[in-house]
Amino acid sequence: MMDFNNIKKIYFIGIGGIGMSALARHFLQEGKQVFGYDRVSTALTRQLEKEGMNILYEDSVDLIPQEVDLVIYTPAIPKDHRQFNYFLNNQYLLKKRSEILEELTRDKFTIAIGGSHGKTSVTTLIAHLLKHTGYDCTAFIGGISVNYETNYLKGKNQVVVVEADEFDRSFLRLRPDIAVITAVDSDHLDIYGSMEHINEAFKEFASKVKPKGCLVAHHNISILQNIKNKKIITYDFSDESADCRVGNIALQEGAFHFDIEGGDGLKNIVLHTGGKHNVENALAAYCVARQLGIDLQKIRYAFADFKGVKRRFEYIIRNENMVFIDDYAHHPEEINALLEAVKTMHPGRNITAVFQPHLFSRTRDLAEGFAAALDKADEVILLPVYPAREKPVEGVNSEMLVKLMNNPEAGVLSKEAMLDYFSNNEPDILLTVGAGDIDALVEPLKKILQSKFSDIY
């Protein structure tokens, strides 16, 4: 067990990652000196610098601060990273992000949210319910909460809400009192190799729930039938055999109004985040809140105050003439949910989707799924694949996806060409979609649309 009291200076390799930055914020608020490295300066790293962290953007050993007590790294960094290898070869205390989360949650009441998709939204919503109702918690979130403008929330009790990432099997280090599994789909095949191994990992995650704990899971997850000796609560949008489901749903003035059926039930909920998938996410959060014994009326008020997560169905422009939504979707199922949500919220309108594929391996492994999902948009612009931690794979590119699509209004553009395109073309509904650096194009796009088509504002 680590003693953080003796650690004064911490260095993060990959500090700009959404999970890493939450940890960095935690240690800064604990009074530690926080330093770090990342490849490029982003809005998030610049915010971390404003908060008091020292960040380097050059992989140079000469720039490393003296007397570092602890080095925390993301498993996504390349094996030839100079700073990482320097720390490794010079016997520094070197820990993965998942190992630190294991230490920080070891003696706490832990609520861990895992799943192939939806986990960030559910984690944010659970953290908000606990904060808003006064139950309180500390939270490590894989996205920026709009309510709190951060991905880290500090609490005064011994409850921790943590997003449980399946990449690199990180989530298997946690021992939750309550676990949530939102979905189990094919992803991260570069790590797992097959769907069978993904299922095995999620079964193992479920087995980590403490003996008196509880698993909250989507009703359609096939691994549930193989989980023994655990209390399981299931939720589903409409399946009557689920423990918790939606009733009397209606869309009014851009918000979903609905009841929760099953268990204690809860009527007249208002949720302002778009998409039926977010209503389903609310079911998961409700199940957790009720397990904690939180008052129903307080839960209802908290739902009504929830403002969502940045880059999850985030409106950039919204008026009667034009809608611009930015979304983190980077898996076919997420793109399907996004397009269904847009069509529900804005029926009958023309949708232009700008999609940046994330990772060559994911693009290759899920190519047909991406093509089928993107075909549901009226017009599709694909940006080149964002490599993240990977080297290029021969024959795997955005042009490959276009060839698999049935949409004649699909093509590949560079970032610069895409911006030029919207200088001369006014979209009806514009979506920017992906988990790479496409978010850096949101503000330039917004400025172009507002300047070129200012007569509609």
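The dialogue below looks at helix α2 and at the packing of α14 with α15 in a predicted model.

Student: Which residues of helix α2 are buried, and what makes them count as buried?

Tutor: In α2, which spans residues 43-51, the buried ones are Leu 44, Thr 45 and Leu 48, and the word is used because each has under 20% relative accessible area.

Student: How do you know that the buried residues line one face of the helix?

Tutor: Looking down the axis of α2, one finds its buried residues within an arc of 95°, and therefore they line one face. The general background is that an α-helix has 3.6 residues a turn, so residues three or four places apart point the same way. On the other side of α2, Ala 43 and Lys 50 are exposed.

Student: What covers the buried residues of α2?

Tutor: The cover includes α1 (18-29) and β3 (54-56).

Student: Why is α14 called roughly parallel to α15?

Tutor: Helix α14 (residues 415-424) and helix α15 (residues 442-452) pack at an angle of about 20°, with their axes 9 Å apart. Angles under 35 degrees count as roughly parallel, and therefore α14 is described as roughly parallel to α15. Their crossing is right-handed.

Student: Which residues make the contact, and how do they divide into nonpolar, polar and charged?

Tutor: From α14 come Met 418, Leu 419, Phe 422 and Ser 423, while α15 contributes Pro 444, Leu 445, Ile 448, Leu 449 and Lys 452. These residues divide into seven nonpolar, one polar and one charged, the charged one being Lys 452, because Lys counts as charged.

Technical notes:
Residues numbered from 1 in each chain as written. Predicted model: local features only at pLDDT ≥ 70, side-chain atom pairs only at ≥ 80, totals over all residues. Heavy atoms only, no water. Buried < 20%, exposed > 50% of the residue type's maximum accessible area, 1.4 Å probe, protein only. Helix = DSSP H or I, 4+ residues; strand = E, 2+ residues; numbered from the N terminus. Arc of directions from axis to C-beta. Contact = heavy atoms within 4.5 Å. Axes fitted to C-alpha atoms, helices over the stretch in contact; angles between N-to-C directions. Parallel < 35°, antiparallel > 145°, perpendicular 65-115°, else oblique. Left-handed = near helix turned anticlockwise from the far one by under 90°.
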